[in-house]
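Please look through the sequence and the model shown here, and consider how its strands are placed and paired.

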Amino acid sequence: RESDHRAWTPVTYTVTRQNATIQGLIQGKAYFFRIAAENIIGMGPFTETTKEILIRDPITVPDRPEDLEVKAVTKNSVTLTWNPPKYNGGSDITMYVLESRLIGKDKFHKVTKEKMLDRKFTVEGLKEGDTYEYRVSACNIVGQGKPSFCTKPITCKDEIAPPTLDLDFRDKLIVRVGEAFSLTGRYSGKPAPKVTWLKDDIVVKEDDRTKIKTTPTTLCLGILKSVREDSGKYCVTVENSTGSRKGFCQVNVVDRPSPPVGPVIFDEVFKDHMVVSWKPPLDDGGSEITNYIIEKKDTHKDLWMPVTSATVKTTCKIPKLLEGREYQIRIYAENLYGISDPLISDEMKAKDRFRVPDAPEQPIIKDVTKDSAVVVWNKPYDGGKPITNYIVEKKETMATRWVRVTKDPIFPGTKFKVPDLLEGCQYEFRVSAENEIGVGDPSPPSKPIFARDPIAKPSPPVNPEAVDKTKNSVDLSWQPPRHDGNGKIIGYLIEYQKVGDEDWKQANLTADSCPETKYKVTGLTEGLTYKFRVKAVNAAGESDPAHVPDPVEVKDRLEPPELILDANMAREQHVKAGDTLRLSAVIKGVPFPKVTWKKEDHEVSPKADIEVTGVGSKLEIRNTVHEDGGMYSLTVENPAGSKTVSVKVVVLDKPGPPRNLNISDVRSDSCYITWMEPEDDGGSVITNYVVERKDVASAQWVAISSSSKKRSHMAKYLMEGTQYLFRVAAENQYGRGPYVETLKPIKAIDPLHPPGPPKNLHHVDVDKTEVSLAWNRPDRDGGAEITGYLVEYQEDGADEWTKFQTVPMLDCVVTGL
């Protein structure tokens, strides 16, 4: 029953043990319990609990406290904090026990003397330089729980922390003139840092308008009634022995600009308008000039009239003036923060002061080509304003319309190369000058010219030389003339002279027979020495001759042979059977060498195609077979020497047949096959062997192994008494080679041995010339049925046995004794 009720509630009637679990109780309530025993006669008296029982979870010691942390360390104290255990054991925490252990000692010692419930504690009175570790335990009504995890070892010393800086202002600050501004922030560090303020790298000092306030954690620089000079880059430095931190702010104190800088310059003055210019203000007020306001005033009136209020240029056109009147101009500068005081000009009368340039004199035409001409003229009077451009015009003589030769400005030069003329046409040219006022009159037309190239004789050819020779010819080579005389080079004339003669002979009759920069002079006499010279020819005529520097003796030039190998003449050339083998090399030498191809010092196969050209040689064998492999050599020879190169050719093919096929250990159901590798592996490693068998009565071969890497195989599962043939082939990556086959069939039977000796030989009867013998069968018959017994006799004392006869039975009568 509940302690505050009087009624009892039955829990169970079926308990036969001496214990019971009561379910459905309410946590936090107190209960009484009673028990009675019962037998078949009835129920006995109840026994009741003496005091009420409060329902709650069982109480244990608390778990270990969590997050034990070191918050501060000095040379003689350590401050620690922690969090309560996740579980208090079912009872409130009554106190915490903090313990410490000096590093090097074994035991922890209690730090707190009094009862402590706070989760923060400062251990004081420590010795500087000592190192401790700490742990904390929680206690409840049951007792003290497990200690927390230990802190890391903590050495007692004054804590050092580098400075920190947290600023309340941004990188840039804009302030209106007269307003106050302040730069504030927070800082920290151990030991306490020193705070320094700088403006444009100069230390800021306090005065009537400048205030500096620094506390242990905050800093502030304030300026009252700011002026333009307060603009600049401010820097605050927080520094202690461990380092420093800096913060920056670009302060811009803005105001309206100062007046534009005078005097006002009258760049142009006309009867109805003027162009004025000025210089920007010395001080733009800290903000970009957004606008100039220009006004004009007739000096006879007091009224200023607006001209424009929307220009950022420092020049302006003043329109709508009355000729002969005097005017003043005033100019204001404006920025985002206001309008400056004005700049006022002197008085200026509106009248024309300048005019367009005069016409230039008649231009002169030079350097005429088929598509261009150079026009040259003298500078005319500029009309009081500098000339800014010249306009050059052209027209065909028979035409009436003048056309500008370019849209681009022509200045300051007084000559211009006119492009894009039509060859053969006749042209005239004229020039006009232009200044700010306008374009002046054109010059008189030039004298007419025809657009065509002036042609002169070419310069001599360059660097003629003899590059080759034989016993009756010399090869000459040269470079084109440096100047073609503005005419196309038609060709070249080549002349030669025998040393000692005075006359030069022509090697070619016309220049167009030698359009190239080389020529072979033939028909010379062997052994004689000749001089050579070359002339260039264009439509204007022949150039001066260019001489070959040294006389040339006519004879065959000797150069030893030289071989330049192609890639297919490497030391070893692999080619797959059936493909085409190609060997080639570039050959040099004078005279051209004799070419010889050989294979293993013999003539190459007739199937080989050999080609020899003036620059090299090539050997080609189509549909190669394995026999085409071997060492090929190429020999080139001329009177100056010889040279030989060799290349090993491997024709990759299927392997040859295995060798020495042998069958041994024949049994009724198996035999052992062995062989040797082929003499020729086809140029590639043998990967496996294929073994096959055939019943002599069958036409079909059956594979018994197709992946054997060994050179032997046990043929199993033979039919006893059957005759078999066997064959073996080798395989490589290029295919399967031919089979080698057993010469005669192998019969699958167990091997035969001689029978054992007959047993129990004895005589049955004896006569004067004969003996009757008898015996028993031997223990072993040697694997086959015994077909007979050989009977021999020997006279006592003799060495030799005499054969009598072979009998089929187990007895015999030996006669003739």
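The questions and answers below concern strands in this predicted model.

Q: How many of the eight residues of strand β58 are buried?
A: Strand β58 covers residues 688-695 and is largely enclosed by the rest of the structure. Buried here stands for under 20% relative accessible area, and the number of its eight residues that are buried is seven.

Q: Which residue of β61 stands opposite Val 690?
A: Strand β61, residues 723-732, pairs with β58 in the antiparallel sense over eight bridges. Within this pairing, the residue of β61 that stands opposite Val 690 is Ala 729.

Q: Which residue of β59 stands opposite Val 691?
A: β58 also pairs in the antiparallel sense with strand β59, residues 702-708, over four bridges, and these two strands form a hairpin with six residues between them. Across from Val 691 in β59 stands Ser 705.

Q: Which side chains of strand β50 point to one face and are buried?
A: In a regular strand the side chains alternate between the two faces of the sheet. Along β50, residues 594-599, Lys 594, Thr 596 and Lys 598 point to one face and are not buried, while those that point to the other face and are buried belong to Val 595, Trp 597 and Lys 599.

Q: Which residue takes a positive phi in the hairpin of β50 and β51?
A: β50 runs antiparallel to strand β51, residues 602-603, and two bridges join them, with His 602 as the bridge partner of Lys 599. The hairpin has two residues between the strands, and the residue with a positive phi near 50° is Glu 600.

How values were computed. Residues numbered from 1 in each chain as written. Predicted model: local features only at pLDDT ≥ 70, side-chain atom pairs only at ≥ 80, totals over all residues. Heavy atoms only, no water. Buried < 20%, exposed > 50% of the residue type's maximum accessible area, 1.4 Å probe, protein only. Pairing = 2+ DSSP bridges.
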